[in-house]
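The exercises below are meant to be worked through with the sequence and the 3D structure in view. Try each task before reading the solution that follows.

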Amino acid sequence: MAWKTLDDMDLNGKRVLVRVDINVPMADGKVTDATRIERIVPTITDIRAKGGKPILLAHFGRPKGKHVPEMSLQPLVPTLEQAFGAPVTFVERPDGDSLAALPADAIVLVENTRFTPMEEANDPQMAGFLASLGDIYCNDAFSAAHRAHASTEGVAHHLPSCAGRLMQAELEALEGALGQPVRPVVAVVGGAKVSTKLELLGNLVAKVDHLVIGGGMANTFLAAQGIDVGKSLCEHHMTDTAVEILAKAKAAGCEIVLPADVVVAAEFAAGAANEVVANDACPADKMILDAGPTAVARIGEILDSAKTLIWNGPLGAFEIEPFDTATNAAAQKAATLSKAGQLISVAGGGDTVAALNQAGAAADFTYISTAGGAFLEWMEGKTLPGVAALEG
Ligand code: ADP
Ligand code: MG
């Protein structure tokens, strides 16, 4: 890999600027889900064990370059202290001298980087100022790496830089799934629309051996083949694009797998009366809400012979029972194979993570990315500026 990790850096006595993502959900001034904070603990612990002084840089919410008191990072201090097992010093307006004066074992949290417009503008002055606060830059915020901001990209050009443990884990998992994967590789892509995942599909067909398409977007592919999908969610204006993707897949030797059978209902509602029909037999007054049992069995076969899986998007309307059936079954199959050491499985995406949790499958996946937009851009084959800056 072209980037350094904490193992490559001499941190003893150094001030280490650590870009983290602690944009956690809050209610009534309290953190309601500390997952993101828990995930940066190894990085902070390692820096301190190596004699470094962590200075945390992070954004919170979307203050749009203004000082918005409700978006201060200060209320996070107790949760951070609990997670790190050590005191955290909050600094509203940092300067080099006052940070240097803090004890060697201090942990510093700097106020929301987005309280100035210079952050999102990646203003060189701000990058230079941030760099003056530290000796080393460590980026542990993969989820913000698709943005070239002063604290995620600009500052890296001024200091010796490395990836934190979470960033490292994420990059290694993603590299293992799409960079240099063990073949055969299968991608499962579902969700509502082709239009939001066009670049993703285009990149994947060139890289994977099987591409399983499910969810609402499968309807667009069925329609592209002249199939009447009734009242199903379907982007009829995207059928030409679907045909192009099918052709690109064929040229690249990627097998596209559409559901052979589907579950149809008259309405998008929990417990709606439903039936399984062939994929070309959706009644005109019904909609496809899930993949059928034959489709699930086929996906299971593909997973059985695959070595690597990358997954984004549910196979059906997983929020409403029983249309979570195909997603649950495929997720549980992937989890079982992963647990048995037969499959490297990497998944990401907001609804995908929710669906895999709901299926009770997430814990057995090799890696679950919580990075959202950055994960998708990476799957699209894009260069993430925050990662590229570490390589430079
Ligand atoms: P992610 O957030 O993981 O990237 P998406 O947002 O692309 O996933 O897709 C999730 C959405 O797709 C869910 O709200 C789900 O209900 C919807 N969906 C999946 N299959 C269908 C379908 N057949 N008809 C309508 N909506 C569907
Ligand atoms: Mg979504």
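**Exercise 1.** What distance separates the centres of domain 1 and domain 2, taken over C-alpha atoms?

*Solution.* Begin with the bounds: in this predicted model, the chain is divided into domain 1, covering residues 6-164, and domain 2, covering residues 181-379. Then take the centre of each domain over its C-alpha atoms, which gives a separation of 37 Å between domain 1 and domain 2.

**Exercise 2.** Describe the interface between the two domains, starting from its contacts and going on to its area and its chemistry.

*Solution.* With contact taken as heavy atoms within 4.5 Å, six residues of domain 1 touch nine residues of domain 2. The next step is the area, since the size of an interface is often given as the accessible area lost when the parts come together. Domain 1 and domain 2 bury about 570 Å² between them, and 54% of this lies on carbon and sulfur atoms. Within domain 1, the residues that lose the most area to domain 2 are Arg39, Phe142 and His146, which together make up 77% of what that side buries. For the chemistry, the count of salt bridges between domain 1 and domain 2 is zero, while one residue pair is in polar contact across the interface. The side of domain 1 that touches domain 2 consists of one nonpolar, two polar and three charged residues.

**Exercise 3.** Which residues are the closest to ligand 1, and how many residues surround it?

*Solution.* Ligand 1 is surrounded by 18 residues, of which Lys197, Ile288, Glu319, Asp351 and Thr352 are the closest. Turning to individual atom pairs, an N or O atom in the side chain of Lys197 is 2.7 Å from an oxygen atom of ligand 1, and an N or O atom in the side chain of Asp351 is 2.9 Å from an oxygen atom of the ligand. Gly316 takes part through its backbone, where an N or O atom lies 3.4 Å from a nitrogen atom of ligand 1. As a last step, consider the area: ligand 1 taken alone exposes 580 Å², and the protein buries 84% of that.

How values were computed
Residues numbered from 1 in each chain as written. Chains lettered and ligands numbered in written order. Predicted model: local features only at pLDDT ≥ 70, side-chain atom pairs only at ≥ 80, totals over all residues. Heavy atoms only, no water. Domains from an automatic or database assignment. Buried area = accessible area lost by both parts, 1.4 Å probe. Salt bridge = Lys/Arg side-chain N within 4 Å of Asp/Glu carboxyl O. Polar contact = N/O pair within 3.5 Å; in protein donor to acceptor, adjacent residues only side chain to side chain. Nonpolar A, V, L, I, M, F, W, Y, C, P; charged D, E, K, R; others polar. Near = heavy atom within 4 Å. Areas by Shrake-Rupley, 256 points an atom, 1.4 Å probe, with all protein chains shown as cover.
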